[in-house]
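Me: I'm new to this structure and would like a close look at a single part of it, with its surroundings. Could you walk me through it in a friendly way?

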Amino acid sequence: PCKPNTETGLKERGFEFLAEMERLHMIVDVSHLSDRGFWDVCGLTDRPFVATHSDSRALCRNSRNLTDEQFAEIAQRGGLVGINLYTPFLVRQSDSVLDDAIDHIERFIGMYGEKIVALGCDFDGCDQLPVGIEGLGDMYRLADRMLALGYREETVRGLFYDNAFAFIQKML
């Protein structure tokens with residue numbers, strides 16, 4: 001599991017599960033893995049994989065967030081990263097705003113393009129969200145903010161749906 005400063009990777013049973021997932025063509029999710037576990041997955045898989053709800057560690061130092069090198073690995077394999085809206089993954093302070101989430105989106109889009117990024121909001125059990133977002137019903141605020149900042153409608157649609165749908169279709 002992902003814990004601060006852990007070097008623990010996959011255990012023998014994890015390697016077995018990973019091999020079976022590869023054989024079955026299941027989508028592997030690395031969002032809850034330690035750094036070592038992430039690299040274990042990279043060394044043992046050939047298929048693209050996903051980090052369903054992880055942000056940029058360069059912007060917010062949290063062990064659950066991805067380093068630039070990890071994001072690059074996912075992107076180069078044709079994987080997908082879902083931006084998490086949980087405040088402790090967006091910023092170090094106790095409150096976050098929509099622009100904090102947009103900063104993480106911009107960082108990843110700026111590195112490898114917009115098709116690699118989606119939203120992986122983590123609403124189930126997430127008790128600290130950006131101001132103005134209390135759940136799925138408020139997500140229009142993020143879309144409106146992005147459009148107001150000059151993002152193309154195609155980019156916003158990609159983040160909200162199209163990119164994840166395309167990834168899943170590719171993997172089936």
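In which loop is Asp-122 found? Please start there, and then go on to the helices and loops around the rest of the chain.

Reply: Happy to. One note before we begin: this is a predicted model.

Asp-122 is found in the loop between β3 (117–119) and α6. Its backbone has a point worth a look: phi of Asp-122 is near 65°, a positive value in a residue other than glycine. Most residues other than glycine have a negative phi. As for its surroundings, Asp-122 has a relative accessibility of 23%, so it counts as partly exposed; the cut-off for buried is under 20%.

From that loop, the chain leads to α6, so let's look at this helix next. Helix α6 covers residues 139–148, and its partner here is helix α7, residues 153–171. Two packed helices are described by the angle between their axes and the distance between the axes. For α6 and α7, the axes come within 9 Å and cross at roughly 150°. Angles over 145 degrees count as roughly antiparallel, and that is why α6 is described as roughly antiparallel to α7. The crossing of this pair is right-handed. On the α6 side, the residues that meet α7 are Met-139, Leu-142, Ala-143, Met-146 and Leu-147. Across from them, α7 brings Glu-153, Val-156, Leu-159 and Phe-160.

Met-146 lets us step to another part of the chain. Arg-47 and Met-146 are 99 residues apart in sequence, and their C-alpha atoms are 32 Å apart in space. Arg-47 sits in the loop between α2 (35–44) and β1. With a relative accessibility of 16%, Arg-47 counts as buried because the value is under 20%. Apart from neighbours within four places in sequence, Arg-47 is in contact with Glu-22, His-25, Met-26, Arg-77 and Met-171. Two of these partners can be described in detail. The side chains of Arg-47 and His-25 are joined by a polar contact of 2.9 Å. A polar atom of the Arg-47 side chain also lies 3.5 Å from the backbone oxygen of Met-171.

His-25 deserves a stop of its own. Its place is in the loop between α1 and α2, and it follows α1 with a positive phi. That phi is near 60°, in a residue other than glycine. At 47% relative accessibility, His-25 counts as partly exposed, whereas its polar partner Arg-47 counts as buried.

Just before His-25 comes helix α1, which runs over residues 12–24. Here is a check you can follow: at 1.5 Å a residue, its 13 residues should span 18 Å, and the end C-alpha atoms are 19 Å apart, which agrees. The expected span is 1.5 Å times one less than the number of residues.

On the other side of the His-25 loop is α2. Helices α1 and α2 pack at an angle of about 45°, with their axes 11 Å apart. That angle makes α1 oblique to α2. Their crossing is right-handed. The contact is made by Phe-15, Leu-18 and Glu-22 of α1 together with Asp-40, Val-41 and Leu-44 of α2. Glu-22 is also one of the residues in contact with Arg-47. Within α2, the buried residues are Gly-37, Phe-38, Asp-40, Val-41 and Cys-42. What covers them includes α1 and α3.

That brings us to α3, which also packs against helix α5, residues 98–112. Their axes are 10 Å apart, at an angle of about 55°, and this makes α3 oblique to α5. The α3 side of the contact consists of Asp-68, Phe-71, Ala-72, Ala-75 and Gln-76, and the α5 side of Arg-107, Phe-108, Met-111 and Tyr-112. This crossing is right-handed.

One last loop leads up to α3. Asn-62 lies between β1 (50–51) and α3 (68–76). Asn-62 has 18% relative accessibility and therefore counts as buried. Leaving aside neighbours within four places in sequence, Asn-62 is in contact with Arg-57, Pro-88 and Phe-89. With Pro-88 there is a polar link too: the backbone oxygen of Pro-88 lies 3.3 Å from a polar atom of the Asn-62 side chain.

Note on methods: Residues are numbered from 1 along each chain as its sequence is written. This is a predicted model: local features need pLDDT of at least 70, side-chain atom pairs count only at pLDDT 80 or more; totals for chains, interfaces and linings use all residues. Side-chain values use heavy atoms; hydrogens and water are left out. Helices (H or I, at least four residues) and strands (E, at least two) are DSSP runs, numbered from the N terminus. Buried means under 20% relative accessible area, exposed over 50%, partly exposed in between (1.4 Å probe, protein chains only). A polar contact is a pair of N or O atoms within 3.5 Å; within protein, one must be able to donate a hydrogen and the other to accept it, and residues adjacent in sequence count only if both atoms are side-chain atoms. Contact means heavy atoms within 4.5 Å. Axes are lines fitted to C-alpha atoms, for helices over the stretch in contact, and angles run from 0 to 180 degrees between N-to-C directions. Angles under 35 degrees count as roughly parallel, over 145 as roughly antiparallel, 65 to 115 as roughly perpendicular and the rest as oblique. A crossing is left-handed if the near helix is turned anticlockwise from the far one by less than a right angle, and right-handed if clockwise.
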